[in-house]
Amino acid sequence: MTTERHDAGQCAGVGGAVERVFVLLGKRWNGVILASLMSGPGRFAELRRAVSGISERMLSDRLAELGEAGLVSREVDEGPPLRVSYRLTPAGEALRPALGELSDWAERFLGVSEEDGCPSMRQPQGAEARDA
(Lines give C-alpha, C1' and ligand atoms only; values in the text may rest on other atoms or scores of the structure.)
Protein backbone atom coordinates (compact mmCIF):
# COMPACT_ATOMS: atom_id res chain seq x y z
CA MET A 1 0.00 0.00 0.00
CA THR A 2 1.38 3.40 -0.97
CA THR A 3 0.70 6.55 0.95
CA GLU A 4 1.10 9.93 -0.64
CA ARG A 5 2.45 12.83 1.33
CA HIS A 6 0.88 16.25 0.92
CA ASP A 7 2.16 19.55 2.16
CA ALA A 8 0.04 21.60 4.58
CA GLY A 9 -0.83 24.19 1.91
CA GLN A 10 -2.18 21.54 -0.42
CA CYS A 11 -4.37 19.99 2.28
CA ALA A 12 -5.69 23.37 3.39
CA GLY A 13 -6.80 24.21 -0.17
CA VAL A 14 -10.25 23.86 -1.64
CA GLY A 15 -11.39 20.26 -1.87
CA GLY A 16 -11.31 18.40 -5.15
CA ALA A 17 -15.08 17.93 -5.12
CA VAL A 18 -15.71 21.69 -4.95
CA GLU A 19 -13.26 22.25 -7.78
CA ARG A 20 -15.02 19.62 -9.93
CA VAL A 21 -18.42 21.17 -9.25
CA PHE A 22 -17.31 24.63 -10.29
CA VAL A 23 -15.45 23.37 -13.36
CA LEU A 24 -18.80 22.06 -14.58
CA LEU A 25 -21.32 24.52 -13.12
CA GLY A 26 -18.99 27.51 -13.41
CA LYS A 27 -19.10 27.36 -17.19
CA ARG A 28 -21.31 30.01 -18.67
CA TRP A 29 -24.86 28.78 -19.30
CA ASN A 30 -24.62 25.38 -17.52
CA GLY A 31 -26.30 26.50 -14.31
CA VAL A 32 -28.99 28.42 -16.19
CA ILE A 33 -29.74 25.42 -18.41
CA LEU A 34 -30.06 23.18 -15.37
CA ALA A 35 -32.28 25.74 -13.63
CA SER A 36 -34.47 25.93 -16.75
CA LEU A 37 -34.96 22.16 -16.65
CA MET A 38 -35.94 22.22 -12.97
CA SER A 39 -39.52 23.01 -14.02
CA GLY A 40 -39.67 19.91 -16.22
CA PRO A 41 -38.50 18.56 -19.58
CA GLY A 42 -37.96 20.98 -22.41
CA ARG A 43 -37.38 20.89 -26.13
CA PHE A 44 -34.38 22.55 -27.71
CA ALA A 45 -36.32 25.60 -28.94
CA GLU A 46 -37.92 26.08 -25.51
CA LEU A 47 -34.52 25.98 -23.83
CA ARG A 48 -33.13 28.39 -26.41
CA ARG A 49 -35.86 30.90 -25.50
CA ALA A 50 -35.44 30.27 -21.75
CA VAL A 51 -31.67 30.85 -21.78
CA SER A 52 -31.42 34.41 -23.00
CA GLY A 53 -28.41 35.18 -25.20
CA ILE A 54 -27.21 31.63 -25.85
CA SER A 55 -26.53 30.56 -29.44
CA GLU A 56 -27.90 27.31 -30.85
CA ARG A 57 -24.39 25.92 -31.18
CA MET A 58 -23.49 26.76 -27.58
CA LEU A 59 -26.76 25.31 -26.28
CA SER A 60 -26.11 22.12 -28.20
CA ASP A 61 -22.55 21.91 -26.83
CA ARG A 62 -23.64 22.60 -23.26
CA LEU A 63 -26.49 20.06 -23.40
CA ALA A 64 -24.02 17.45 -24.69
CA GLU A 65 -21.60 18.31 -21.89
CA LEU A 66 -24.31 18.13 -19.23
CA GLY A 67 -25.40 14.82 -20.75
CA GLU A 68 -21.86 13.43 -20.55
CA ALA A 69 -21.73 14.55 -16.91
CA GLY A 70 -24.89 12.53 -16.24
CA LEU A 71 -27.05 15.52 -15.32
CA VAL A 72 -29.28 15.77 -18.41
CA SER A 73 -30.78 13.09 -20.61
CA ARG A 74 -31.81 13.46 -24.25
CA GLU A 75 -35.02 11.73 -25.28
CA VAL A 76 -36.14 11.26 -28.87
CA ASP A 77 -39.80 10.80 -29.81
CA GLU A 78 -39.70 9.33 -33.32
CA GLY A 79 -43.00 11.03 -34.16
CA PRO A 80 -43.93 12.01 -36.74
CA PRO A 81 -42.79 14.65 -36.33
CA LEU A 82 -39.47 13.77 -34.70
CA ARG A 83 -39.16 15.55 -31.34
CA VAL A 84 -36.20 15.76 -29.01
CA SER A 85 -36.57 16.78 -25.40
CA TYR A 86 -34.16 17.15 -22.52
CA ARG A 87 -34.78 16.34 -18.89
CA LEU A 88 -32.83 16.19 -15.68
CA THR A 89 -31.51 12.82 -14.61
CA PRO A 90 -31.74 11.82 -10.95
CA ALA A 91 -28.24 13.32 -10.51
CA GLY A 92 -29.44 16.58 -12.09
CA GLU A 93 -32.55 16.59 -9.90
CA ALA A 94 -30.30 16.18 -6.86
CA LEU A 95 -28.93 19.67 -7.60
CA ARG A 96 -32.33 21.24 -6.85
CA PRO A 97 -31.58 22.08 -3.18
CA ALA A 98 -28.13 23.48 -4.03
CA LEU A 99 -29.46 25.64 -6.87
CA GLY A 100 -32.28 26.82 -4.60
CA GLU A 101 -29.77 27.88 -1.96
CA LEU A 102 -27.62 29.67 -4.56
CA SER A 103 -30.71 31.45 -5.86
CA ASP A 104 -31.69 32.55 -2.35
CA TRP A 105 -28.14 33.78 -1.71
CA ALA A 106 -28.09 35.72 -4.99
CA GLU A 107 -31.40 37.41 -4.20
CA ARG A 108 -30.05 38.43 -0.81
CA PHE A 109 -26.52 39.55 -1.69
CA LEU A 110 -26.38 40.38 -5.40
CA GLY A 111 -27.99 43.53 -6.66
CA VAL A 112 -28.90 44.25 -10.24
CA SER A 113 -27.33 47.16 -12.06
CA GLU A 114 -30.01 49.26 -13.71
CA GLU A 115 -27.71 50.18 -16.60
CA ASP A 116 -26.99 46.70 -17.89
CA GLY A 117 -29.08 44.32 -15.81
CA CYS A 118 -25.93 42.51 -14.62
CA PRO A 119 -25.52 41.45 -11.02
CA SER A 120 -23.25 43.51 -8.80
CA MET A 121 -22.13 42.91 -5.23
CA ARG A 122 -23.79 44.94 -2.52
CA GLN A 123 -23.27 45.04 1.21
CA PRO A 124 -26.11 43.77 3.39
CA GLN A 125 -27.72 46.49 5.45
CA GLY A 126 -29.70 46.59 8.66
CA ALA A 127 -30.93 43.21 9.90
CA GLU A 128 -29.32 41.46 6.93
CA ALA A 129 -25.89 42.67 8.07
CA ARG A 130 -26.41 41.17 11.54
CA ASP A 131 -27.58 37.83 10.10
CA ALA A 132 -24.73 37.55 7.60
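Reading from the N terminus, the protein chain of this predicted model goes α-α-α-β-α-α-β-β-α-α-β-β-α. That makes eight helices and five strands, taken as DSSP runs (H or I of at least four residues for helices, E of at least two for strands) and numbered from the N terminus. Residues are numbered from 1 along each chain as its sequence is written. Since the model is predicted, local features need pLDDT of at least 70 and side-chain atom pairs pLDDT 80 or more, while totals for chains, interfaces and linings use all residues; side-chain values use heavy atoms, with hydrogens and water left out.

Of the 132 residues, 23% come out as buried, i.e. under 20% relative accessible area with a 1.4 Å probe, protein chains only. The chain exposes about 9700 Å², and 53% of that comes from carbon and sulfur atoms (Shrake-Rupley, 1.4 Å probe). As for contacts (heavy atoms within 4.5 Å), 38% of those between residues at least 6 apart in sequence join residues at least 24 apart.

Now for the pockets, each an open set of points on a 1 Å grid over the protein atoms alone where a 1.4 Å probe fits, with protein on both sides within 12 Å along at least five of seven lines. The largest has a volume of about 480 Å³, counted as the space filled by probe spheres set on the points. Its lining (residues with an atom within 4 Å of a point) runs to 18 residues, with Leu25, Trp29, Asn30, Gly31 and Val32 closest to the centre. Helix 2 (16-25), helix 3 (30-37) and helix 7 (96-109) each give two or more residues to this lining, and helix 3 has the largest share, with four. By type, the lining splits into 12 nonpolar, four polar and two charged residues; Ala, Val, Leu, Ile, Met, Phe, Trp, Tyr, Cys and Pro count as nonpolar, Asp, Glu, Lys and Arg as charged, and the others, Gly among them, as polar.

Technical notes. Buried means under 20% relative accessible area, exposed over 50%, partly exposed in between (1.4 Å probe, protein chains only).
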